[in-house]
Amino acid sequence: MFGIGGGELILILFVVLMLFGSDKIPDIARTMGKAMAQLKNATNDIKSEIQKGADANGFDTKSITDFTGNITQEINKAKDNLLKETTPIIQNAKIETPKVETPESEGPIKRNS
């Protein structure tokens with residue numbers, strides 16, 4: 001899958017979990033799914049409009065099918081490039097945790113019983 005091994009995939013998932021937190025990951029996945037569905041619907045709409053225009057003007061179906069297939073390939077290439085561009089961003093993200101400083105003069109906290 002995209003030339004990513006199992007260990008790399010686990011590392012990427014861990015980094016995503018650390019960056020966004022477990023409560024935001026379902027929202028992110030849902031948004032990505034909706035975006036992919038919209039892209040697919042837009043592709044199908046474009047194909048159907050081209051097909052309608054070709055039928056109205058008397059073009060042959062085979063050349064239109066080849067053309068719409070090329071559109072689909074280009075959209076898939078763009079999607080793959082987008083995934084390739086975002087993967088290094090996630091991998092190179094630095095996770096910064098706030099540094100907690102305790103004054104040395106106070107010592108450990110004691111409870112009053």
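Buried, here, means under 20% relative accessible area. Keep that cut-off handy for the exercises below, which work through a predicted model.

**Exercise 1. Work out the overall make-up of the protein: how many helices and strands are there, and what share of the residues is buried?**

Step 1. Start with the elements: the protein has 3 helices and 0 strands. Reading from the N terminus, that gives α-α-α.

Step 2. Now apply the cut-off. Of the 113 residues, 9% count as buried.

Step 3. Check the surface too. The accessible area of the protein is about 9,800 Å², and carbon and sulfur atoms hold 58% of that.

Step 4. Finish with the contacts. Take those with a separation of 6 or more: 57% of them join residues 24 or more positions apart.

**Exercise 2. Compare the span of H2 with the expected one, then say what comes just after the helix.**

Step 1. Helix H2 covers residues 25-57, which is 33 residues.

Step 2. From first C-alpha to last, H2 reaches 48 Å. At 1.5 Å a residue you'd expect 48 Å, so the two are close, given that the expected span uses one less than the number of residues.

Step 3. Step past the end of H2 and you hit Gly58, with a positive phi of about 80 degrees.

**Exercise 3. Decide whether Thr43 is buried or exposed, and find what Thr43 touches.**

Step 1. Thr43 sits in helix H2. Its relative accessible area is 7%, so Thr43 is buried.

Step 2. Look at the side chain: at 2.8 Å, it reaches the backbone oxygen of Leu39.

Step 3. Now skip the neighbours within four places in sequence. Thr43 is then in contact with Thr72 and Ile75. Helix H3 takes in residues 61-92.

**Exercise 4. Which residues make the nonpolar surface patch, and which element gives the most to it?**

Step 1. List the members: Leu19, Phe20, Ile28, Met32, Met36 and Leu39 make a nonpolar surface patch of about 470 Å².

Step 2. Sort them by element. Helix H1 (6-20) and H2 each give two or more residues to this patch, with H2 giving the most, at 4 residues.

Step 3. Test one member. Met36 is in H2 and has 33% relative accessibility, so Met36 counts as partly exposed. A patch residue needs over 30% relative accessible area, and Met36, at 33%, passes.

Step 4. Note that Leu39 turns up twice: as a patch member and as the residue whose backbone oxygen the Thr43 side chain reaches.

**Exercise 5. Find how many salt bridges the structure has, and explain the placing of their partners.**

Step 1. Searching the whole structure turns up 2 salt bridges. Side chains of opposite charge can pair when their charged atoms come close.

Step 2. Take Arg30 and Asp27. Their closest N and O atoms are 2.8 Å apart. Both are in H2, and because they're 3 residues apart, about one helical turn separates them.

Step 3. Take Lys77 and Glu74. Here the N to O distance is 3.6 Å. This pair lies in helix H3, again 3 residues apart, or about one turn of the helix.

Step 4. Why does that spacing work? An α-helix has 3.6 residues a turn, so residues three or four places apart point the same way.

Step 5. Tabulate the exposure of the partners.

| Residue | Relative accessibility | Class |
|---|---|---|
| Arg30 | 45% | partly exposed |
| Asp27 | 42% | partly exposed |
| Lys77 | 47% | partly exposed |
| Glu74 | 48% | partly exposed |

Notes
Residues are numbered from 1 along each chain as its sequence is written. This is a predicted model: local features need pLDDT of at least 70, side-chain atom pairs count only at pLDDT 80 or more; totals for chains, interfaces and linings use all residues. Side-chain values use heavy atoms; hydrogens and water are left out. Buried means under 20% relative accessible area, exposed over 50%, partly exposed in between (1.4 Å probe, protein chains only). A polar contact is a pair of N or O atoms within 3.5 Å; within protein, one must be able to donate a hydrogen and the other to accept it, and residues adjacent in sequence count only if both atoms are side-chain atoms. Contact means heavy atoms within 4.5 Å. Patches are made of residues with over 30% relative accessible area and no salt bridge: like charges are joined within 9 Å, nonpolar side chains (Val, Leu, Ile, Met, Phe, Trp, Tyr) within 5 Å. Accessible areas come from the Shrake-Rupley method with a 1.4 Å probe; for residues, only the protein chains shown count as cover. A salt bridge is a side-chain nitrogen of Lys or Arg within 4 Å of a carboxyl oxygen of Asp or Glu.
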